Amino acid sequence: MLTTRRVVPLLRAGLVALFAVLVVFQVLSLPGQFRHMAEQEPDLAYLRWPLTIGAVLGVLCVQVVLVCTWRLLTLVQRDRIFTPASLGWVDGIVYAVAGAELLLLALLAFVGATADDPGVLLLVLLVATGVAVLGLVVVVMRSLLKEATTLRSDLDEVI
């Protein structure tokens, strides 16, 4: 079985790679894609900037989750995960997921009001539901971390 000592560097490498790809996506791909959309479909050109801003903010939410995960990994390596400091980083993940969910709900409302094809609506609904479930799982994991932190501090006081 893989140990924490071996898994954490692998996970960090994955986080760095994912963060780098997201930056390229955020800076180059998304603005270029929506510019191209505005050129190809002038009747939808008014959506260029709202979609660009919304997509960049959505990617930013993912980046916040990656940074918070990095910080939690640091706490794991230092055997400090069961301290109140870790709860702040988990809260950052919860807030980032909530922000992404709000963006998806706004997109869902827009697509629901304007779509003539239910496929796009169902796709956005699927992603919004998945993000909501992920957020709820993180909230449950946060409560477990808080309980474990309390138990560990109680145990440290006894010892």
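# A four-helix chain and its two pockets

By class, the 28 residues that line the largest pocket divide into 23 nonpolar, three polar and two charged ones. Here Ala, Val, Leu, Ile, Met, Phe, Trp, Tyr, Cys and Pro count as nonpolar, Asp, Glu, Lys and Arg as charged, and the others, Gly among them, as polar. The model is predicted, so local features need a pLDDT of at least 70 and side-chain atom pairs count only at pLDDT 80 or more, while totals for chains, interfaces and linings use all residues. Residues are numbered from 1 along each chain as its sequence is written, and side-chain values use heavy atoms, with hydrogens and water left out.

**The chain as a whole**

The chain has four helices and zero strands, and reading along the sequence gives the pattern α-α-α-α. Helices (H or I, at least four residues) and strands (E, at least two) are DSSP runs, numbered from the N terminus. Along its principal axes, the C-alpha trace spans about 70 × 30 × 25 Å. The radius of gyration of the chain is 20 Å, whereas a compact globule of 159 residues would have one near 15 Å; the value is taken over C-alpha atoms, and the globule rule is 2.2 Å times the number of residues to the power 0.38.

About 10,400 Å² of the chain is exposed, and carbon and sulfur atoms supply 73% of this area, which comes from the Shrake-Rupley method with a 1.4 Å probe; for residues, only the protein chains shown count as cover. Buried residues make up 26% of the 159 residues. Among contacts (heavy atoms within 4.5 Å) between residues at least 6 apart in sequence, 69% join residues at least 24 apart.

**The two pockets**

Rolling a probe the size of a water molecule over the atoms shows where empty space is left. On a 1 Å grid over the protein atoms alone, a pocket is an open set of points where a 1.4 Å probe fits, with protein on both sides within 12 Å along at least five of seven lines, and its lining residues have an atom within 4 Å of a point. Grid points are joined across faces, edges and corners, and a volume is the space filled by probe spheres set on the points.

The largest pocket has a volume of about 800 Å³. Of the residues in its lining, those closest to its centre are Phe-34, Leu-51, Leu-107, Val-111 and Val-124. The elements that give two or more residues to this lining are helix H1 (4–40), helix H2 (48–77), helix H3 (84–114) and helix H4 (118–158), and the largest share, eight residues, comes from H3.

The second largest pocket has a volume of about 370 Å³. Of its 18 lining residues, Thr-69, Leu-72, Leu-73, Val-76 and Ile-81 are the closest to the centre. The elements H1, H2, H3 and H4 each give two or more residues to the lining of this second largest pocket, but here H4 gives the most, with six residues. By class, the lining of the second largest pocket has 15 nonpolar, two polar and one charged residues.

**Four residues in detail**

The table gives the relative accessible area of four residues, where buried means under 20%, exposed over 50%, and partly exposed in between (1.4 Å probe, protein chains only).

| Residue | Relative accessible area | Class of exposure |
|---|---|---|
| Thr-52 | 7% | buried |
| Val-124 | 9% | buried |
| Leu-105 | 40% | partly exposed |
| Asp-79 | 48% | partly exposed |

Which residues does Thr-52 touch, not counting residues up to four places away in sequence? Thr-52, whose place is in helix H2, touches Pro-31 and Phe-34 under that condition, and Phe-34 is one of the residues closest to the centre of the largest pocket.

Val-124 lies in helix H4 and, again not counting residues up to four places away in sequence, touches Leu-104, Leu-107, Leu-108 and Val-111. Leu-105, found in helix H3, is 19 residues from Val-124 in sequence and 8.6 Å from it in space, C-alpha to C-alpha. The C-alpha atoms of Val-124 and Arg-78, by contrast, are separated by 40 Å, with their positions 46 residues apart along the chain.

Asp-79 is found in the loop between H2 and H3. Most residues other than glycine have a negative phi. Asp-79, although it is not a glycine, has a positive phi of about 55°. Asp-79 and Ser-29 are 50 residues apart in sequence and 39 Å apart in space, C-alpha to C-alpha.
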